[in-house]
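Please open the model in a viewer and keep the sequence panel visible. The tour proceeds by selections, each followed by an account of what is found there.

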Amino acid sequence: MSTRRDFITNLLGVPALWAARRRPPNIVFILSDDLSYRDLGAYGQTRIETPNLDRLYRESMRFTQAYSGSAECAPSRCSLMTGMHMGHARVRLNESVRGQEYLRDEDVTVAEVLKQAGYATGFVGKWGLGMPGTSGVPYKQGFDHAFGFYDQLTAHTYFPDYLHRNEMQIDFPENQGYDMAGTYRHTQDDSAHRYDASGNFIPKGVKDPAKVAYSELLFQKEALSFIRRNQSRPFFLYYATQLPHGPVVIPNLGRYKDRADYPSLRHREWAAMVTQMDESVGSIAGLLKELNLDENTVIFFAGDNGYSAWGYFNRPRWEDDPFFHNKGPWRAGKFTSREGGLRVPFFVRWPGHVKPGDNDLVCAFWDFLPTAAGLAGVKPPPVDGLSIVPALTGHSKSQKLHDYLYWETSHEQAARLGRYHSFREHPSKPTEVYDVAVDPGCTQDLAPAHPEVVAKFERILKTARTDSEWYINPGETPQEIQAKRERAQKAGQMIVSRKPNGLQ
């Protein structure tokens, strides 16, 4: 019986295919971190300037029913990289009973598929799928070049003590001593950060505040360098920016430094972080045009999970911000598999090949791997995803549709079937059903009136998954969970993370 790993060893002779047709397109996937659904001007934001992303959006196919891989960071990225939904993915939560889990040698990533197809492969930013010393680091998962945070907990700081470039740790002594604890406090009381009259951030605890290194600016430089080095061959760049994940901080407030109408400093910082992300995207798009690669490069842009900004403004969970109104119409937000935790901005640009406009295809992160394989002209390994190349290239009649989408987070389970979204907090709790086509806020539970739909969903929630060795599976008892934890501790298999800037 063949495995997903066998697929990679059998993928041979692909470059010869290029002789019969034009060079396959470059692929750039830009993943934002904790971006709210309506943080971009293109999605209705009026208080944050995002001209580059707004332009990209106008020139893209916009998927109006797009879902993340999960309602939180690491598993969503696992789904994106491996083409598997949360019932089958290796990484299913930010942490298991052991700590931060990681990809294994037998897992096949989109980078491995594209590398075997002759692509140069690069990762820049926040990884979260394997810390140093594990098989999950990006340079062991198909990336020729990797630079950034491997441990997602250390990615909470924008002034890192160190980053990694492939197997090497790159230290930043100029950031040593940075008051990360103060930045965390700032989220609660808006008093720990100071900016000078020019809008420059004044970091506490460092030797020379003028010399600190801000991670996003390092990432931007690295991404541009990767593109320049590989411009003569097909390349895949996975740019996983930290922005605008909190705690909020920015080297310069820029156009927001004198905005007295913003209700707090944190609001100006959040706006500046989103605008900084926009400028990074603009620099990538600008370089592609400068190098005459624009028309043969497919750019994907997406958010990694649902609404989270409530956590950075010291508000009740999932409450919309009364100033930005950036939450979107969906119920709840990050960390739960309701619509608000899963709906994300998603659009794709490929000049001359992808027609701009809205598309209501129901799609999810696990569709990216087979889509990238389709763009490269190769067959994908067995995955949960479907290629959306037909939809992108105007062949919607041949576009395959999902029978369903599936998610889980600990005991929670959720699915999408046709126009309906289903959710239950625990296998012992009632299954809720919502018609998201007419009720995006999921305010009216239709389960009592539609037992036949409930029955379909409950079959999906039961059969769409396999148990995980280390994650909490839906319905497991506290005793079973504790036994897992004790088994890991006894075997010496706990995974320890390094906290940012010496936080204990």
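A cavity, as the word is used here, is a set of grid points where a 1.4 Å probe fits but cannot get out. The model under inspection is a predicted one. A search of the whole structure under that definition finds four cavities of 30 Å³ or more.

**Stop 1: the largest cavity**

Select F346, A364, F365, D367 and F368, which lie nearest the centre of the largest cavity. The volume enclosed there is about 80 Å³, and 13 residues form the lining. To see where the lining comes from, colour β2 (61-67), β10 (357-364) and α10 (368-376); each of these elements supplies at least two of the lining residues. What is the division of the lining by class? Nonpolar residues number 11, with one polar and one charged residue beside them.

**Stop 2: the second largest cavity**

Next, select Y178, D179, G182, T183, A192, H193, F201 and K204, the residues that line the second largest cavity. Its volume is about 40 Å³. The lining here comprises three nonpolar, three polar and two charged residues.

**Stop 3: the crossing of α6 and α8**

Two packed helices are described by the angle between their axes and the distance between the axes. Display helix α6 (residues 180-189) together with helix α8 (residues 265-290): their axes come within 9 Å and cross at roughly 115°. On the α6 side, select H186, T187, Q188 and D189; on the α8 side, select L265, R266 and E269, and the contact is complete. Sorted by class, this contact has one nonpolar, three polar and three charged residues.

**Stop 4: W270 in α8**

Remain on helix α8 and select W270. Is this residue buried or exposed? W270 has a relative accessible area of 0%, and therefore counts as buried. Beyond its neighbours up to four places away in sequence, W270 touches D34, S36, D39, I48, P244, V248, A309, Y312, F313, F324 and N326. With D39 the link is also polar, the two side chains making a contact at 3.2 Å. For a distance check, draw a line between the C-alpha atoms of W270 and G44: these residues are 226 apart along the chain, and the atoms are separated by 16 Å.

**Stop 5: two cis peptide bonds**

P244, one of the residues touched by W270, leads to the next selection. P244 is placed in the loop between β7 (235-240) and α8. The peptide bond that joins L243 to P244 is cis, with omega near -5°. Now move to P247, whose place is also in the loop between β7 and α8. There the bond from G246 to P247 is cis, with omega near 0°. These bonds merit a look because most peptide bonds are trans.

**Stop 6: two positive phi values**

Most residues other than glycine have a negative phi. Select N166, in the loop between β5 (162-165) and β6 (168-171). N166 has a positive phi of about 50° although it is not a glycine. Its relative accessible area is 18%, so N166 is buried, the limit being under 20%. Then select N292, in the loop between α8 and β8, where phi is near 60°, again positive in a residue other than glycine. N292 is exposed, because its relative accessible area of 70% lies over 50%.

**Stop 7: D294 in the loop after α8**

Stay in the loop between α8 and β8 (297-303) and select D294. D294 is buried, with a relative accessible area of 15%. Which side chain does the side chain of D294 meet in a polar contact? The partner is R349, at 2.9 Å. Leaving aside residues up to four places away in sequence, D294 touches L288, K289, R349 and P351.

**Stop 8: N26 in β1**

Finally, select N26, which belongs to strand β1 (residues 26-32). N26 is buried, with a relative accessible area of 0%. Show its surroundings: N26 touches Y119, R233, P234, F235, L293, N296, T297 and V298, not counting residues up to four places away in sequence. Within this group, F235 offers its backbone nitrogen, which the side chain of N26 reaches at 3.2 Å. A last line may be drawn from N26 to S60, 34 residues apart along the chain, where the C-alpha atoms are separated by 16 Å.

Key:
Residues are numbered from 1 along each chain as its sequence is written. Side-chain values use heavy atoms; hydrogens and water are left out. On a 1 Å grid over the protein atoms alone, a cavity is a set of points where a 1.4 Å probe fits but cannot get out, and a pocket is an open set with protein on both sides within 12 Å along at least five of seven lines; lining residues have an atom within 4 Å of a point. Grid points are joined across faces, edges and corners, and a volume is the space filled by probe spheres set on the points. Helices (H or I, at least four residues) and strands (E, at least two) are DSSP runs, numbered from the N terminus. Ala, Val, Leu, Ile, Met, Phe, Trp, Tyr, Cys and Pro count as nonpolar, Asp, Glu, Lys and Arg as charged, and the others, Gly among them, as polar. Axes are lines fitted to C-alpha atoms, for helices over the stretch in contact, and angles run from 0 to 180 degrees between N-to-C directions. Contact means heavy atoms within 4.5 Å. Buried means under 20% relative accessible area, exposed over 50%, partly exposed in between (1.4 Å probe, protein chains only). A polar contact is a pair of N or O atoms within 3.5 Å; within protein, one must be able to donate a hydrogen and the other to accept it, and residues adjacent in sequence count only if both atoms are side-chain atoms.
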